[in-house]
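Reader: Hi! I'd love a close look at one part of this protein, namely the loops between neighbouring helices and how the pieces around them fit together. Could you walk me through it at an easy pace?

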Amino acid sequence: MSLDSINRLLCAWRLFVRARVARMGVRPGTDKRTIQLRQRYREALAALPNEQRVVFMLHRIEDLSIVDIAARLNMPTPLVEQHLAAALHAIANALDAPS
């Protein structure tokens with residue numbers, strides 16, 4: 001699965017979850033399941049190897065492109081893509097795992 005495919009799936013999943021939560025009449029971030037999911041997300045981030053976490057944060061939080069991350073970290077672009085894909089995969093697995 002390509003990195004673009006993973007990104008599209010994650011975006012679609014986020015929209016689906018937001019719509020489902022809105023239909024349930026629950027304020028985002030206040031129900032027990034959302035709180036647990038956020039905790040699992042934080043734990044998944046903390047469990048990532050440092051390079052994967054840094055690449056993920058630069059891409060998702062600071063909204064940097066793969067090329068910009070590669071330049072900032074002095075890392076080949078394919079390696080940045082590998083780290084990002086591995087981070088996304090690990091986080092998705094952590095969120096899908098039974099609690």
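Author: Happy to. Helices here are DSSP runs of H or I at least four residues long, numbered from the N terminus, so a loop can be named by the helices on either side of it. Asp 63, for instance, sits in the loop between α3 and α4. Please keep in mind that this is a predicted model.

First, the setting. The protein has five helices and zero strands, and from the N terminus on the order is α-α-α-α-α.

Now back to that loop. Asp 63 has a phi near 60°, a positive value in a residue other than glycine. Most residues other than glycine have a negative phi, which is why a spot like this is worth a look. Asp 63 counts as exposed because its relative accessible area is 66%, and the cut-off for exposed is over 50%.

Glu 62 is in this loop too. Its partner is Arg 72: the two form a salt bridge, with the closest N and O atoms 3.1 Å apart. Arg 72 belongs to helix α4, ten residues away from Glu 62, and the pair links distant parts of the chain. The count for the model comes to one salt bridge. With a relative accessibility of 46%, Glu 62 is partly exposed.

Follow the chain to the loop between α4 and α5 and you meet Asn 74. Here again phi is positive in a residue other than glycine, near 55°. Asn 74 has a relative accessible area of 73%, so it is exposed.

What happens to the helices on either side of Asn 74? α4 and α5 pack at an angle of about 110°, with their axes 9 Å apart. They are therefore roughly perpendicular to each other. On the α4 side, the residues that meet α5 are Ile 66, Ile 69 and Ala 70, and their counterparts in α5 are Thr 77, Val 80, Glu 81 and Leu 84.

Some of these names come back in the largest nonpolar core. It has 17 residues, and Phe 56, Ile 69, Val 80, Leu 84 and Ile 91 touch the most other members. At least two core residues come from each of α2 (32–47), α3 (50–60), α4 (66–73) and α5 (77–96). The biggest contribution is from α5, with six residues. As a general point, nonpolar side chains tend to be buried together in soluble globular proteins.

Phe 56 is a good residue to click on. Not counting residues up to four places away in sequence, Phe 56 touches Tyr 41, Leu 45, Ile 61, Leu 84, Ala 87, Leu 88 and Ile 91.

Two more residues of α5 help complete the picture. His 83 lies in this helix and is buried, because its relative accessibility is 11%. Beyond its neighbours within four places in sequence, His 83 is in contact with Glu 51, Gln 52, Val 55 and Met 75. Leu 95 is also in α5, and with a relative accessible area of 17% Leu 95 is buried. Its C-alpha is 9.8 Å from that of Gln 36, although the two are 59 residues apart in sequence.

Stepping back, buried residues make up 27% of the 99 residues. Among contacts between residues at least 6 apart in sequence, 59% join residues at least 24 apart.

How values were computed
Residues numbered from 1 in each chain as written. Predicted model: local features only at pLDDT ≥ 70, side-chain atom pairs only at ≥ 80, totals over all residues. Heavy atoms only, no water. Core = buried A, V, L, I, M, F, W, Y, C linked by side-chain atoms within 4.5 Å. Buried < 20%, exposed > 50% of the residue type's maximum accessible area, 1.4 Å probe, protein only. Contact = heavy atoms within 4.5 Å. Salt bridge = Lys/Arg side-chain N within 4 Å of Asp/Glu carboxyl O. Axes fitted to C-alpha atoms, helices over the stretch in contact; angles between N-to-C directions. Parallel < 35°, antiparallel > 145°, perpendicular 65-115°, else oblique.
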